[in-house]
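I set out to record what I looked up in this entry, in the order in which I looked. The notes cover helix packing, a covalent link, one loop residue and the confidence of the prediction.

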Amino acid sequence: MFYIFYSCCPRYSSKLHVEHYQESYKWQELRNKLESLMTEQHDLYGLTYSVIKRLEGHGVFSVRKQELAEKPMIYAITPTFARPVQKAELTRLLQTFLHIPNFHWIVVEDAGKKTKLVARLLEDSGLLYTHLAAATPPNYKLGRNDPNWKKPRGVEQRNAALQWLRENRRPTDKGIVFFADDDNTYSIKLFHEMEKIQKVGVWPVGLVGGLMVEKPICDNATNKVIGFNAAWKPERPFPLDMAGFAINLRLLLENKNAAFSYDVQGGYQESEILSQIVTRDELESLADCCTKVYVWHTRTEPPQLNVEQLLIKKGKRSNLDIEV
């Protein structure tokens, strides 16, 4: 019998945890047992065959399992919907998330049921994950030519993820909840900052709100948030982007009714959830007193598929039997 603890982050490559009861246990025998287990069960606490291969060559290290146990689990909630760039967006995210120790990805599809494309991507990701589906009500769906801000987005999906956390996690569990939309770009450094959060942590977001950077204004002497530089609707209670904050899991479990809502003005979803659990004075400034940018709102440009549309009219496709 043995325990496996691992990190996919290069910074922690020297801290890969493989502990066993017999000191003479050889690495090859351990690897064979792991591969045998993975053949029987595809998801062994998020450890997939691809991760096993990454362990090869590192040997067996004797280090404390206490180190990872003391870190909070980062729960990243990602709403997603079917579109040509969906798999590309999710792939970019998971390549970053693989480097974060103690990470749990909650992916919620805007659909009546989970799709095979997302299910396969998650199964092969090497991440600890939860896959959910929650369809947006038809009257809140954006039309083909509607601007993104016309109707609230991600409400149903984020609330479904919050409900899952409340049903499956206890107040004593250490965790940080972050709303990681699939059209953003994230630095690994951001997730290390989140580990410091006691209530709600905030930081700058690049390329959002018509600005190069939208950020809380921090008092260097006290490290307290004293204002915001938001240009778009600065009168909001919390003029932040969805990517600009994370919440201690304990607060979301204690405030069982805290949720996102369809019945708020456009751009007020962040204020809606935060107003139910925290005050401005309680915000914790991170990223070097909000002077470093570790997340960017980099929406992928929709691909030009005019030739593909011509093929479809002829009953053909360039991606026949190929998942893109």
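Before turning to handedness, I noted the convention: a crossing is right-handed if the near helix is turned clockwise from the far one by less than a right angle, and left-handed if anticlockwise.

**Entry 1: helix packing.** The model is predicted, and I began with a pair of its helices. I looked up H4, which spans residues 86-97, and H5, which spans residues 116-123. Their axes lie 11 Å apart and make an angle of about 20°. I therefore entered H4 as roughly parallel to H5, the cut-off for that term being an angle under 35 degrees. By the convention above, H4 and H5 cross in a right-handed sense.

I then asked which residues of H4 and H5 meet. From H4, I listed Gln86, Lys87, Leu90, Thr91 and Leu94; from H5, I listed Leu117, Val118 and Leu121. Sorted by class, this contact of H4 with H5 has five nonpolar residues, two polar and one charged.

**Entry 2: the loop before H5.** I next located Lys114, which sits in the loop between strand S4 (103-109) and H5. Setting aside residues up to four places away in sequence, I found that Lys114 touches Glu109, His131, Leu132 and Ala133. For Lys114 and Leu132, I noted a C-alpha to C-alpha distance of 6.6 Å, against a separation of 18 residues in sequence.

**Entry 3: disulfide.** How many disulfides does the model contain? I counted one disulfide. The bond joins Cys218 to Cys289, with 2.0 Å from S to S. I read -80° about the S-S bond, and the link of Cys218 and Cys289 is left-handed. Cys218 belongs to strand S11 (residues 216-219) and Cys289 to helix H10 (residues 287-290), so the pair ties together parts that are 71 residues apart in sequence.

**Entry 4: confidence.** I closed with the pLDDT values. The chain has a mean pLDDT of 85, and 79% of its residues reach 70 or more. Residues 1-25 have pLDDT below 50, and in the model this stretch has 65 contacts beyond near neighbours in sequence. I also marked residues 38-50, over which pLDDT stays under 50. For residues 38-50 the model has 25 contacts beyond four places in sequence.

Note on methods. Residues numbered from 1 in each chain as written. Predicted model: local features only at pLDDT ≥ 70, side-chain atom pairs only at ≥ 80, totals over all residues. Heavy atoms only, no water. Axes fitted to C-alpha atoms, helices over the stretch in contact; angles between N-to-C directions. Helix = DSSP H or I, 4+ residues; strand = E, 2+ residues; numbered from the N terminus. Parallel < 35°, antiparallel > 145°, perpendicular 65-115°, else oblique. Contact = heavy atoms within 4.5 Å. Nonpolar A, V, L, I, M, F, W, Y, C, P; charged D, E, K, R; others polar. pLDDT = per-residue confidence, 0-100. Disulfide = S-S within 2.5 Å.
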